[in-house]
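Hi there,

Here is the structure I promised to pass on to you. Have a look at it first, and then read my notes below with the viewer open.

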Amino acid sequence: MEGPSLGGCTAASRPSTTHASASGYPPLYKIEHSQLTLFNRLFAAVYASAILALLYRHAFMLINSPALASSFISLSMLISDLVLAFLWAGTQACRMRPIHRREFPENLERVVKDQSDFPTLDVFICTADPYKEPPMSVASTALSVMAYDYPTEKISVYVSDDGGSQLTLFAFMEAAKFASHWLPFCRKNNVVDRSPESYFALNNSPSFEAEKIKTMYDNMKIRVDNAVERGKVGDEYMTGEEERRAFNRWTEGFTRQDHPTVIQLRTMNEQVLLENRKDKDITGHLMPNLIYVSRQKSRISPHHFKAGALNTLLRVSATMTNAPIILTLDCDMYSNDPRTPLRVLCYLLNSSTTSTQAQVLDRSTELGYIQFPQHFHGINENDTYACEYKRLFQINSMGLDGLAGPNHVGTGCFFCRRAFFGGPSTFVPPEIPELGPFHVVDKPIRSQPILELAHEVASCNYENQTKWGFEIGVRYGSLVEDYFTGYRLHCEGWKSIFCSPKRAAFLGDAPITLVDVLNQQKRWSIGLLDVVFSKFSHLTFGIRSNIGLLMAIGYAQIGCWAFWSIPITMYAFLPQLALLNGISIFPSVSELWFLLYMFLFLGAYLQDLLDFLFYGGTVQRWWSDQRMWNIRGLTCHFFGFLEFFLKSVGIPTQGFNVTSKVLDDEQSKRYMQGFFEFGVPSPMFVPLTTAAFVNLVSFVWGLVWIFRGSKDVEVEGLFVQIFLAGFGVVNSWPIYEGVVWRRDKGKLHIRTTMISTFLASLLVAAASFATN
């Protein structure tokens with residue numbers, strides 16, 4: 001049977017399970033079990049036996065170490081391989097029961113005769129900084145979901161501006177005007193790329209009508225970009241007294257850290273940009289709701305970053321529309337498939353009803369959310385920084401889907417609103433009934449009571465003495481609120497579904513500089529450690545909850561990302577420093593133990609390569625992924641560990657930083673050519689460069705041992721260390737390039753090179769002294 005198309009490849013599969021919405025109706029989705037399942041289970045058993053043998057050897061060497069130096073080496077290797085074994089076990093949990101899904105949205109019209117049965121949909125888009133997240137990019141994302149192939153009167157788009165910027169509000173006022181032309185154009189011409197930015201970039205032979213729309217869009221971009229460049233909205237862009245009153249809220253005392261709630265509308269200085277009961281496009285069709293929300297901020301009140309912004313949107317949307325389905329999106333993650341909500345409906349229907357509204361509101365269902373993978377446009381051919389995250393966003397998610405469901409990855413996720421209010425059988429009511437998931441809004445969103453309540457629940461003190469963020473809504477306690485919230489929902493008994501259609505449902509921007517990639521993942525590492533070392537730890541709270549052992553281990557493997565720094569750092573320095581002193585710490589080629597090491601090394605890499613290729617990857621992108629795995633272990637994971645420790649003992653750290661979405665032309669050019677972009681000095685580059693120098697020196701010295709044929713050293717016993725040093729040299733090639741050959745602005749900074757050279761020399765001298 002033909003399998004689902006995954007990233008361009010066809011997955012071999014066992015016989016599938018097809019699910020129809022009701023007896024006699026055509027199927028809405030199909031589940032297929034991967035043929036890799038049996039191989040994965042058999043290989044896991046063999047590999048686990050090899051790991052136990054390796055740990056036995058380490059323990060034996062430690063017990064029988066004759067000197068302090070050899071005891072230290074044996075203990076270090078034992079700790080490193082114990083961590084590797086734990087993380088490997090977590091990966092195997094995702095390989096035990098992977099499944100693939102295929103949806104048939106074309107069958108929906110035969111199941112649901114009237115689109116009035118479709119549930120309403122609230123879309124949450126979060127932005128925080130108009131200079132790192134350009135307002136036009138955010139507006140283009142909003143326009144792409146407003147143009148869904150879905151009843152427009154059932155869509156409400158809420159934009160959370162946590163930066164409280166008049167520039168973002170202005171961009172959405174302009175987008176609201178443009179939407180009245182853009183949505184009819186998409187419907188009439190059956191446009192698939194419904195982000196205007198993406199459509200006009202790809203449409204090489206536009207019609208006269210498309211040229212007219214493009215001119216409107218370009219003029220809008222000019223107005224918005226001019227306002228961003230000036231830092232304020234000029235009077236010439238204010239077309240009426242209502243807009244002037246809206247922007248008068250931005251006084252000298254209005255800052256991004258301290259400002260009142262802004263949900264502007266005519267009667268309360270609050271502006272709802274579009275209301276689907278009143279506003280129509282140029283063809284007379286109703287428009288979706290488009291609502292700008294900037295919650296109240298105060299320097300003396302905690303705001304919980306993105307999690308706090310999402311909870312504010314949960315409450316504000318409950319007062320205005322209270323849709324049973326919620327889509328959360330990053331501001332740069334635009335819709336790439338207008339039929340995505342229809343794919344979601346394929347899973348919301350069950351065998352007992354053809355009413356999607358009834359199904360979503362059904363209190364007995366255990367489906368909490370449907371997660372789509374993150375895909376990125378603009379990644380270069382070899383994916384230099386491994387920003388595809390194929391294992392995190394695709395391979396692991398399909399594996400967890402065969403258990404209780406994939407983890408939440410922050411964007412492209414359709415939630416049932418009910419999932420934010422306790423478990424399937426343990427409803428936790430909010431403090432105000434109007435905020436509950438079953439409340440029916442029976443007043444227009446412009447009405448005075450609705451706006452007063454929306455203003456109240458968006459205040460910075462509203463959550464005080466409530467369950468928001470702890471038992472209700474998006475969960476607080478971690479910088480990675482998406483991972484933590486998905487984990488908590490699974491622990492409460494909710495299930496999730498991984499939906500990965502052939503055409504990516506959403507496309508976003510990936511970082512194009514190494515420092516941005518590492519800073520982003522350092523923040524993830526810290527947030528994940530927040531969960532690992534909390535009372536909700538996976539191996540205690542998780543195993544005791546509803547998710548079971550395999551899901552708990554799978555979640556723990558993701559949560560322990562920063563732990564990769566332990567074995568990677570150890571293997572990057574210890575064998576190489578021992579090699580410089582002629583000390584053998586691995587078995588020689590003629591020993592049977594050497595075969596064990598060879599099997600463990602080749603087995604892990606080849607299985608990972610098989611996974612990568614099976615799910616549509618390439619060998620070159622896999623190699624980039626492996627290289628970045630080593631780089632992350634020496635940089636962001638290591639510094640994430642350090643920053644988490646400092647935070648735990650009360651030493652303040654810099655906290656949350658927004659990853660820049662602004663692309664520099666020179667940086668983009670170098671990125672597309674495959675160069676590593678160093679440029680900005682960063683402390684994270686120091687251990688990375690130091691390891692590159694140590695590996696280079698030890699590899700050269702190992703070759704000297706070989707060619708010199710010294711009788712004092714058994715070269716055969718140093719083979720593994722010479723190989724590891726050479727492997728490190730190959731992985732560090734971009735570092736040497738950045739130090740020696742690069743002449744552009746993206747080269748490695750001279751200060752980093754000098755510090756790393758000094759530290760490498762110090763390590764070599766210290767190792768020699770300790771040995772002697």
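**Helix H17 and its neighbours**

The buried residues of helix H17 pack against helix H2 (68-93), E13, H12, helix H14 (481-491), helix H15 (514-532) and helix H16 (538-544). Please keep in mind as you read that this is a predicted model.

Which residues of H17 are the buried ones? They are Met551, Ala552, Gly554, Tyr555, Ala556, Gln557, Ile558 and Gly559. You can also check the length of this helix yourself. H17 covers residues 548-559, and at 1.5 Å a residue its 12 residues should span 16 Å. The C-alpha atoms at its two ends are 16 Å apart, which agrees with that expectation.

**Helix H12 and a salt bridge across the chain**

H12, one of the elements that H17 packs against, runs over residues 390-401 and contains Ser397. Is Ser397 buried or exposed? Its relative accessible area is 1%, so Ser397 is buried. A polar atom of the Ser397 side chain lies 3.5 Å from the backbone oxygen of Phe393. If you set aside the neighbours within four places in sequence, Ser397 is in contact with Arg391, Leu392, Pro406, Asn407 and Phe498.

Helix H12 also holds Asp401, which is 300 residues from Arg101 in strand E5 (residues 99-103). The side chains of Arg101 and Asp401 meet in a salt bridge of 2.7 Å, N to O, and this pair links distant parts of the chain. Both ends can be placed by their accessibility: Arg101 counts as buried because its value is 12%, and Asp401 is buried at 5%.

**More salt bridges**

How many salt bridges does the structure hold? There are 32. Here are some to find in your viewer:

- The side chains of Glu388 and Lys390 meet at 3.6 Å, N to O, and both residues are buried.
- Asp442 forms a salt bridge with Lys443, with the closest N and O atoms 3.7 Å apart. Here Asp442 is exposed, with a relative accessible area of 60%, while Lys443 is partly exposed at 37%.
- Glu666, Arg670, Glu677, Arg742 and Asp744 are linked in a network of salt bridges.

**Strands and sheets**

A little background helps here: strands of a sheet pair through backbone hydrogen bonds, either parallel or antiparallel.

Let's start with strand E15 (residues 413-416). From this strand, Cys413 and Phe415 point one way, Phe414 and Cys416 point the other way, and all are buried. E15 has strand E11 (residues 325-330) as an antiparallel partner, and four bridges join the two. In that pairing, the bridge partner of Ile325 is Cys416. Strand E13 (residues 367-371) also pairs with E15 in the antiparallel sense, over three bridges. There, Gln371 stands opposite Cys413. You have met E13 already, since the buried residues of H17 pack against it.

Next, look for an open sheet of three strands. Its order is E12-E19-E14, and its pairing is mixed. The edge strands are E12 (334-335) and E14 (375-377), each of which pairs on one side only. E12 and strand E19 (residues 506-509) pair in the antiparallel sense over two bridges. Ser335 has Phe506 in E19 as its bridge partner.

**Cysteines without a disulfide**

How many disulfides does a search of the whole structure find? The result is zero. Why is there no bond from Cys346 to its closest cysteine? The closest cysteine sulfur to that of Cys346 is in Cys499, and at 8.1 Å it is too far for a bond. The cut-off for a disulfide is 2.5 Å between the sulfur atoms. Looking from the other end, the closest cysteine sulfur to that of Cys499 is in Cys346. Cys346 counts as buried at 0% relative accessibility, and Cys499 is buried at 0% too.

**One last residue to look up**

Finally, try Met136 in helix H4 (residues 135-146). Met136 is buried, with a relative accessible area of 6%. Not counting residues up to four places away in sequence, Met136 touches Tyr217, Met220, Lys221, Val224 and Asp225. Met136 and Asp332 are 196 residues apart in sequence, and their C-alpha atoms are 9.8 Å apart in space.

Enjoy exploring!

Best wishes

Notes:
Residues numbered from 1 in each chain as written. Predicted model: local features only at pLDDT ≥ 70, side-chain atom pairs only at ≥ 80, totals over all residues. Heavy atoms only, no water. Pairing = 2+ DSSP bridges. Buried < 20%, exposed > 50% of the residue type's maximum accessible area, 1.4 Å probe, protein only. Polar contact = N/O pair within 3.5 Å; in protein donor to acceptor, adjacent residues only side chain to side chain. Contact = heavy atoms within 4.5 Å. Expected span 1.5 Å × (residues − 1). Salt bridge = Lys/Arg side-chain N within 4 Å of Asp/Glu carboxyl O.
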